[in-house]
Amino acid sequence: MTTPIRDGRVLVVDDHELVGTSLVLAMRAEGEDATYHRPSSVADVVAATSGAGPGMVVLDLDLGRDRNGEPIDGAAAVPGLVDLGWRVLVLSGTSDGSRVGAALAAGGFGWMHKNAPFAALLATIREARAGRPVMPPGRRERLIELHERRLEENRELAGRLALLSPRELEVLGHLASGKRVQTIAEHYVVSVATVRTQVRAVLTKLAVGSQLEAVALFQRVRERGRR
């Protein structure tokens, strides 16, 4: 059992105000010093705890988008929160176990599913604040292992893309955006045969059998890079 948090506050960080404020009001009714915070960036999450703790953060993984339209990934805030001495309880409805595993590997105390009944959410928060385990035995380790396997897969995919020349990578990007070989040739003012040669080189270097597979690989790497 981990040491209970006796004097620190509980900070709920969530982009869904209804969820966050409902949890805070319920905890305040139980005498907790609870506060809700809607973040604008990962740095904003960490800044919200500076000089105010340590305590416990109930942290959603999907925190909306920042001013540039990029997703705010709560897992990226976990190391900074832990370094400041805060206990982090991950709150998320994601079905991607590797994302939860990333937050736990970074020092998260535990995870609870956002779709759990409200009473269960409150009970889990109380257990985490008291330092008691909130996940079934082995579940934490399995999620972290899933995250580590995803990291290895990402490195392997990125390594394959790194084999492409700058032009080949551009051609693949055009294919991923739905452009045909003829359109790509017109864009670069080259022959269709030249572009087809570049496409064949892409398929060979990526070790895939079709343009569809190459595009799927490219999109998978790009999507994961946004998280």
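**Exercise 1.** In which helix is the place of valine 192? Then list its contacts beyond the sequence neighbours.

*Solution.* Keep in mind that this model is predicted.
Step 1. Find the helix. Valine 192 lies in helix H9, which covers residues 192–206.
Step 2. Set aside the neighbours within four places in sequence. Valine 192 is then in contact with Val181, Gln182 and Ala185.
Step 3. Look across to leucine 18. In sequence, 174 residues separate valine 192 from leucine 18. In space, their C-alpha atoms are 55 Å apart.

**Exercise 2.** Compare the span of helix H1 with the expected one. Then sort out its buried and exposed sides.

*Solution.* Step 1. Count and span. H1 runs over residues 17–29 and has 13 residues. From first C-alpha to last, H1 reaches 18 Å. At 1.5 Å a residue, 18 Å is expected, so the span is close to that value.
Step 2. Pick the buried residues, those under 20% relative accessible area. In H1 they are Gly20, Leu23, Val24, Ala26 and Met27.
Step 3. Check the arc. These residues cover only 165° around the axis, so they sit on the same side of H1.
Step 4. Turn to the opposite face. The exposed residues Leu18, Leu25 and Ala29 are on the face turned away from the buried side.
Step 5. Ask what covers the buried residues of H1. The cover includes strands S1 (10–13), S2 (34–37) and S6 (87–92). Helix H5 (118–129) is also part of the cover.
Step 6. Go past the end of the helix. Glycine 31 follows H1, and its phi is positive, near 90°.

**Exercise 3.** Describe how H1 crosses H5.

*Solution.* Step 1. Take distance and angle. The two axes come within 11 Å and cross at roughly 60°.
Step 2. Classify the angle. It makes H1 oblique to H5.
Step 3. Give the hand. H1 passes H5 in a right-handed crossing.
Step 4. Name the residues in contact. H1 contributes Ser22, Leu23, Ala26 and Met27. H5 contributes Phe118, Leu121, Leu122 and Ile125.

**Exercise 4.** At what angle do helices H7 and H9 pack, and which residues meet?

*Solution.* Step 1. Locate H7. It covers residues 166–176.
Step 2. Read the geometry. H7 and H9 pack at about 95°, with their axes 9 Å apart.
Step 3. Classify. Angles of 65 to 115 degrees count as roughly perpendicular. H7 and H9 are therefore roughly perpendicular to each other.
Step 4. List the H7 side: Arg167, Glu168, Val171, Leu172 and Leu175.
Step 5. List the H9 side: Val195, Gln198, Val199, Ala201, Val202, Lys205 and Leu206.

Conventions: Residues are numbered from 1 along each chain as its sequence is written. This is a predicted model: local features need pLDDT of at least 70, side-chain atom pairs count only at pLDDT 80 or more; totals for chains, interfaces and linings use all residues. Side-chain values use heavy atoms; hydrogens and water are left out. Helices (H or I, at least four residues) and strands (E, at least two) are DSSP runs, numbered from the N terminus. Contact means heavy atoms within 4.5 Å. Buried means under 20% relative accessible area, exposed over 50%, partly exposed in between (1.4 Å probe, protein chains only). The arc is that of the directions from the helix axis to the C-beta atoms. Axes are lines fitted to C-alpha atoms, for helices over the stretch in contact, and angles run from 0 to 180 degrees between N-to-C directions. Angles under 35 degrees count as roughly parallel, over 145 as roughly antiparallel, 65 to 115 as roughly perpendicular and the rest as oblique. A crossing is left-handed if the near helix is turned anticlockwise from the far one by less than a right angle, and right-handed if clockwise.
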